[in-house]
Structure formats: C-alpha cells, structure tokens
Amino acid sequence: EKVLGNSTEKRQEHATSVGKLYSFGDLSQEEVDHYLWADKLVKSVSTYRGNVNVVDFNGPDIMGTHTAHEIHIAKRLLSDPVELIATLIHEVAHDFGGDGSVSHERTIENMFARIVVSATKNVIRM
C-alpha cells in the first residue's frame, strides 16, 4: 500500500476510469438525439459549457463522472432519458460542490425546478 496505494482506492479509480470513448459516429440516431436533447436542456438551465463525453466506464455501476472541464456519462444512459438527464444534472452540479454537500444538492434542485417551470409555464395558468 505504501508503494501502490490503498487497494480500495485503486479499485475505485479503475472503476471510474474510461474504458472506451464514443464519437457520434459510434452511436445510433436515437442515442445521438437523446444526447443532444439532454445537453441542450441542461445548458438551458445552467452555466455549464464544458464537454460532455459518452463513454464506457471500467466499472459496470458508474453512470457519470465530473472533472474541472469535462463530464463523462455512460453510453447505456442514452437509452433512458430519465436516467440520462438525472445523471447529467447531478454531474453538472458538481461545479458547485461534492456529493451530499448543500450546494451540490441545492444546485440539483434548482436545475430541475428551472426545467419544470420552463416546460410548464405556458401550459399551466399561474
């Protein structure tokens, strides 16, 4: 452990690392459409302008990761718009705090609220 590091931490690092990066040419039209929809929706309610990459993670349970200027989302999410938008908003909110922090949670809530208001303000009379 002194030389290689903690084995638990190493397993987590490996799980969250990218096994494969996809381009639009690697995706079905439905996957591209879902990606573009989610990207546009999130950018309409946030200041995030970084890259969102579609990947396979080395760990089967990882859905997304966030770094300073890049978000990675699991390709499998492109077939499920609910999980896709939930994961993308979660990762974008990391610009404001880590998992479980008040600022991270509040940013998630605020982004979803903005989406709901935007989607319904012309449908439901206030």
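What percentage of the 126 residues in the protein do buried residues make up? The answer is 35%. The views below come from a predicted model, and each legend takes up one part of it.

**View 1. The whole protein is built from four helices and four strands.** Starting at the N terminus, you can follow the elements in the order α-β-α-β-β-β-α-α. Along the principal axes, the C-alpha atoms fill a box of roughly 65 × 40 × 20 Å. The protein exposes about 8100 Å², and carbon and sulfur atoms supply 54% of that area. Take the contacts between residues at least 6 apart in sequence: 49% of them join residues at least 24 apart.

**View 2. Phenylalanine 24 and tyrosine 35 form the one aromatic pair found in a search of the whole structure.** Two values describe any such pair of rings: the distance of the centres and the angle of the planes. Here the centres are 5.2 Å apart and the planes stand at 75 degrees; an angle over 60 counts as edge-to-face, so that is the name for this pair. Phenylalanine 24 sits in the loop between β1 (18-22) and α2 (29-44), while tyrosine 35 belongs to helix α2, so the pair ties together parts that are eleven residues apart in sequence. The two partners also have their own levels of cover: phenylalanine 24 is partly exposed, with a relative accessible area of 42%, whereas tyrosine 35 is buried, at 11%.

**View 3. Lysine 75 lies over the face of tyrosine 22.** The distance to look for, taken to the ring centre, is 5.4 Å.

**View 4. Aspartate 39 is a buried residue of helix α2.** Its relative accessible area is 15%. Which residues does aspartate 39 contact, leaving aside its neighbours within four places in sequence? They are Val52 and Leu88.

**View 5. Helix α4 covers residues 102-120.** At 1.5 Å a residue, its 19 residues should span 27 Å, and the end C-alpha atoms are indeed 27 Å apart, which agrees. Along this helix, the buried residues are His104, Thr107, Ile108, Met111 and Ile115. Looking down the axis of α4, you would find these buried residues within an arc of 100 degrees, so they line one face of the helix. What covers the buried residues of α4 includes two other helices, α2 and α3 (81-92).

Conventions. Residues numbered from 1 in each chain as written. Predicted model: local features only at pLDDT ≥ 70, side-chain atom pairs only at ≥ 80, totals over all residues. Heavy atoms only, no water. Phe/Tyr/Trp six-rings, centres within 6.5 Å; stacked < 30°, edge-to-face > 60°. Buried < 20%, exposed > 50% of the residue type's maximum accessible area, 1.4 Å probe, protein only. Lys NZ or Arg CZ within 6 Å of the ring centre and 35° of its normal. Expected span 1.5 Å × (residues − 1). Arc of directions from axis to C-beta. Contact = heavy atoms within 4.5 Å. Areas by Shrake-Rupley, 256 points an atom, 1.4 Å probe, with all protein chains shown as cover.
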